[in-house]
Amino acid sequence: MTEKEEKTYSISELAKEFDITTRSIRFYEDQGLITPLRSGQTRIYSKRDRVRLKLILRGKRLGFSLAETGQLFELYDADKSSVTQLNTMLKLIELKKAELHQQMDDIKVVLMELVTVEKRCRDTLADAKQHKTA
């Protein structure tokens with residue numbers, strides 16, 4: 001296939017494929033993360049746009065902000081060897097891992113507190129029932 005014959009996608013095709021709304025896709029476009037061609041009012045998405053959309057959604061699942069994803073796209077566009085992009089990605093991964101570990105620690109603390117409060121509630125309820133029947 002030549003570049004002119006490259007597969008293109010409509011906004012509704014991409015929305016259906018990735019199970020997102022067309023509004024989300026237009027938002028990513030407004031953020032400069034994807035840049036479809038236009039034929040009148042119709043957006044025409046390229047293979048590159050489709051790949052970027054896939055990466056945006058994957059990044060979101062991993063906890064990356066749209067700004068961080070955009071930064072990676074910019075680095076890739078500027079440095080096709082991708083060394084800078086990979087080094088930046090590794091730094092972002094380290095930060096995300098640290099954030100997730102902190103969240104896990106926070107969740108463990110909250111769970112322990114909830115168990116303690118639950119036990120107190122159950123004990124108080126048991127005491128109230130016992131005094132009521134006595």
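Of the contacts in the protein chain with a separation of 6 or more, 49% join residues 24 or more positions apart. The model is predicted, and the values below are computed from its atoms.

**Overall form**

Five helices and two strands make up the secondary structure of the protein chain. Read from the N terminus, the order of elements is α-α-β-β-α-α-α. The radius of gyration is 25 Å, whereas the globule rule gives 14 Å for 134 residues, so the protein chain is more spread out than a compact globule. Along the principal axes, the C-alpha atoms occupy a box of roughly 85 × 35 × 25 Å.

Burial and surface can be given for the whole chain as well. Of the 134 residues, 23% are buried. The exposed area of the protein chain is about 10,400 Å², with 57% of that area coming from carbon and sulfur atoms.

**The annotated segment**

An unreviewed UniProt entry lists residues 8–75 as "domain: HTH merR-type". In the model, this stretch is 62% helix and 9% strand. The C-alpha atoms at its two ends lie 25 Å apart.

**Selected residues**

Three residues are compared below by relative accessible area.

| Residue | Relative accessible area | Class |
|---|---|---|
| Glu29 | 15% | buried |
| Thr88 | 15% | buried |
| Val110 | 44% | partly exposed |

Glu29 belongs to helix H2, which covers residues 22–30. Leaving aside residues up to four places away in sequence, Glu29 is in contact with Ile34, Pro36, Arg38, Arg43 and Tyr45. Glu29 counts as buried because its relative accessible area of 15% falls under the 20% cut-off.

Thr88 lies in helix H5. With residues up to four places away in sequence again set aside, Thr88 touches Gln71, Leu72 and Leu75. The 15% relative accessibility of Thr88 places this residue in the buried class.

Val110 is also located in helix H5, which spans residues 83–133. Val110 has a relative accessible area of 44%, so it is classed as partly exposed, a term for values between 20% and 50%. Together with Ile107, Leu111 and Leu114, Val110 forms a nonpolar patch on the surface. The accessible area of these four residues together is about 380 Å².

Helix H5 therefore holds both a buried residue, Thr88, and a partly exposed one, Val110.

Methods. Residues are numbered from 1 along each chain as its sequence is written. This is a predicted model: local features need pLDDT of at least 70, side-chain atom pairs count only at pLDDT 80 or more; totals for chains, interfaces and linings use all residues. Side-chain values use heavy atoms; hydrogens and water are left out. Patches are made of residues with over 30% relative accessible area and no salt bridge: like charges are joined within 9 Å, nonpolar side chains (Val, Leu, Ile, Met, Phe, Trp, Tyr) within 5 Å. Accessible areas come from the Shrake-Rupley method with a 1.4 Å probe; for residues, only the protein chains shown count as cover. A salt bridge is a side-chain nitrogen of Lys or Arg within 4 Å of a carboxyl oxygen of Asp or Glu. Helices (H or I, at least four residues) and strands (E, at least two) are DSSP runs, numbered from the N terminus. Buried means under 20% relative accessible area, exposed over 50%, partly exposed in between (1.4 Å probe, protein chains only). The radius of gyration is taken over C-alpha atoms; the globule rule is 2.2 Å times the number of residues to the power 0.38. Contact means heavy atoms within 4.5 Å. UniProt positions are given in the numbering used here, feature names are shortened, and annotations may be inferred rather than shown by experiment.
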